[in-house]
Amino acid sequence: MKKIMMKGNEAIAESAIRAGCRLYFAYPITPQSEIAEYMARRLPEVGGVFLQTESEVATVNMVYGAACTGKRVMTSTSSPGFSLMQEGISYIAGAELPCVFVDVIRGGPGLGNIQPSQGDYFQAVKGGGHGDYRLIVLAPSTVQEAVDLTQLAFDLADEYRNPVLVLADGMIGQMMEPVVLPEMRDISTLPDHSGWALTGARNREPHRIAAFNIDPVGLEQMNIRYQEKYKRVEEKEQRWEEYRTDDAEYLLVGYGTVGRILKSVVDELREEKLPVGLFRPVTLWPFPKKRLGEIAEKVKCIFVVEMSSGQMVEDVRLSVNGKVPVHFYGRMGGVVPTPEEIRLAFKEVIR
């Protein structure tokens, strides 16, 4: 299989096109602007539509409208832009529309900077907008995985009629790595949404898509249906990677860029005869809590590392449910922790 060198942002864009995405709306923001630049050049070549919007608020509402047609649609942004999209995302979740978001996280809060961060975890997995809704959240740790998870994002969005978020960070977006790209999907073979999509009502009864019900009992029934769907997602779609966990007595946990750094830390600690393993969540929601809870029964402690003040660590503690101590180490503001500082921090904990 042929490998080519690609920047993470551009690989995500090409993967989306090959997944059948032909509608893309976005407003430029660093460190993900290469996705929009790539889409502007590439989409017309495959009969797609690119539109640069006047704001992220306009973007998310264009995604909403385009998703109503049943076509594969995507946008991408970075942290402050993703914040502006939250109301629209809540509407899209309420309307049960399939679409894909990409958030290439940068340092915050506020305007922050353009360096890699993981400070958007709460916003992504807890629901940054209003109401009882969920996004399916996928977190790549390599450029190849960003390609693969972008493909998966569109398939999951269609299967569950739900928005899906690919949550990366500035390092994944900006680094270059060799990747194998998937074959181009045949648009005619994509899932059929003719049963609900708004495509014109000639020769059929009109369809209706709504993100709300003004009657409280009716709205509760809508929410009950959503919660049943989310339970199905939790049962079927938990994904993770384990590394050297078979005989591990200590467990390191991290996702995305931190997850790949922790692999090096595990190898270094193993050379020092410390039986350490890695658990890397790939789905941040649904969080792979069942498997993590099983591993927790076999280890002495868990050490969580994030590029934040500590957000995913809360889901780790919920999954472990007090079985073993859970310790945390984090860097903020776009600072990427080194393997050496993580190794020393971990050894201090177990000392």
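E183 lies in the loop between strand β8 (176-179) and helix α9, where helices (H or I, at least four residues) and strands (E, at least two) are DSSP runs, numbered from the N terminus. With a relative accessible area of 68%, E183 is exposed; buried means under 20% relative accessible area, exposed over 50%, and partly exposed in between (1.4 Å probe, protein chains only). E183 and R18 are 165 residues apart along the chain, and their C-alpha atoms are separated by 6.5 Å. The model is predicted, so that local features need pLDDT of at least 70 and side-chain atom pairs count only at pLDDT 80 or more, while totals for chains, interfaces and linings use all residues. Residues are numbered from 1 along each chain as its sequence is written, and side-chain values use heavy atoms, with hydrogens and water left out.

Two residues of helix α9 (residues 216-236) also have distant partners in sequence. Q227 is placed in α9 and counts as partly exposed because its relative accessibility is 32%. Between Q227 and Y133 the C-alpha to C-alpha distance is 8.0 Å, and the two are 94 residues apart in sequence. I224 lies in helix α9 as well, and its relative accessibility of 36% makes I224 partly exposed. The C-alpha atoms of I224 and D132 are separated by 9.7 Å, with their positions 92 residues apart along the chain.

For the chain as a whole, the secondary structure comes to 13 helices and 14 strands. Of its 351 residues, 56% count as buried. Contacts (heavy atoms within 4.5 Å) were sorted by separation in sequence: among those with a separation of 6 or more, 79% are between residues 24 or more positions apart. Along the principal axes, the C-alpha atoms fill a box of roughly 70 × 50 × 40 Å. The radius of gyration of the chain is 21 Å, which agrees with the value near 20 Å for a compact globule of 351 residues. This radius is taken over C-alpha atoms, and the globule rule is 2.2 Å times the number of residues to the power 0.38.

Helix α7 (residues 143-160) has 18 residues and spans 25 Å from its first C-alpha to its last, close to the 26 Å expected at 1.5 Å a residue. The expected span of a helix is 1.5 Å times one less than its number of residues. Helix α7 is mostly covered, with 14 of its 18 residues buried. Just after α7, R161 takes a positive phi of about 45°.

Helix α13 (residues 339-350) has 12 residues and reaches 17 Å between its first and last C-alpha, close to the expected 16 Å. In α13, the residues E341, I342, R343, A345 and F346 are buried. The buried residues of α13 pack against β10 (250-253), α10 (256-271), β11 (276-281), β13 (301-306) and β14 (326-330). An α-helix has 3.6 residues a turn, so residues three or four places apart point the same way.

The axes of helix α11 (residues 289-296) and helix α12 (residues 312-320) come within 8 Å and cross at roughly 65°. Axes are lines fitted to C-alpha atoms, for helices over the stretch in contact, and angles run from 0 to 180 degrees between N-to-C directions. The crossing of α11 past α12 is right-handed; a crossing is left-handed if the near helix is turned anticlockwise from the far one by less than a right angle, and right-handed if clockwise. On the α11 side, K289, L292, G293 and A296 meet V316, S319 and V320 of α12. By class, this contact of α11 with α12 has four nonpolar, two polar and one charged residues. Here Ala, Val, Leu, Ile, Met, Phe, Trp, Tyr, Cys and Pro count as nonpolar, Asp, Glu, Lys and Arg as charged, and the others, Gly among them, as polar.

Most residues other than glycine have a negative phi, and most peptide bonds are trans. Several places in the backbone depart from this pattern. The peptide bond from T30 to P31 is cis, with omega near 10°, and P31 is placed in the loop between β2 (23-26) and α2 (33-42). Another cis peptide bond joins G108 and P109, with omega of about 5°; P109 is found in the loop between β5 (99-105) and α6 (121-125). E96, in the loop between α5 (86-95) and β5, has a positive phi near 55° and counts as buried because its relative accessibility is 11%. K273, in the loop between α10 and β11, has a positive phi of about 70° and counts as exposed because its relative accessibility is 74%.
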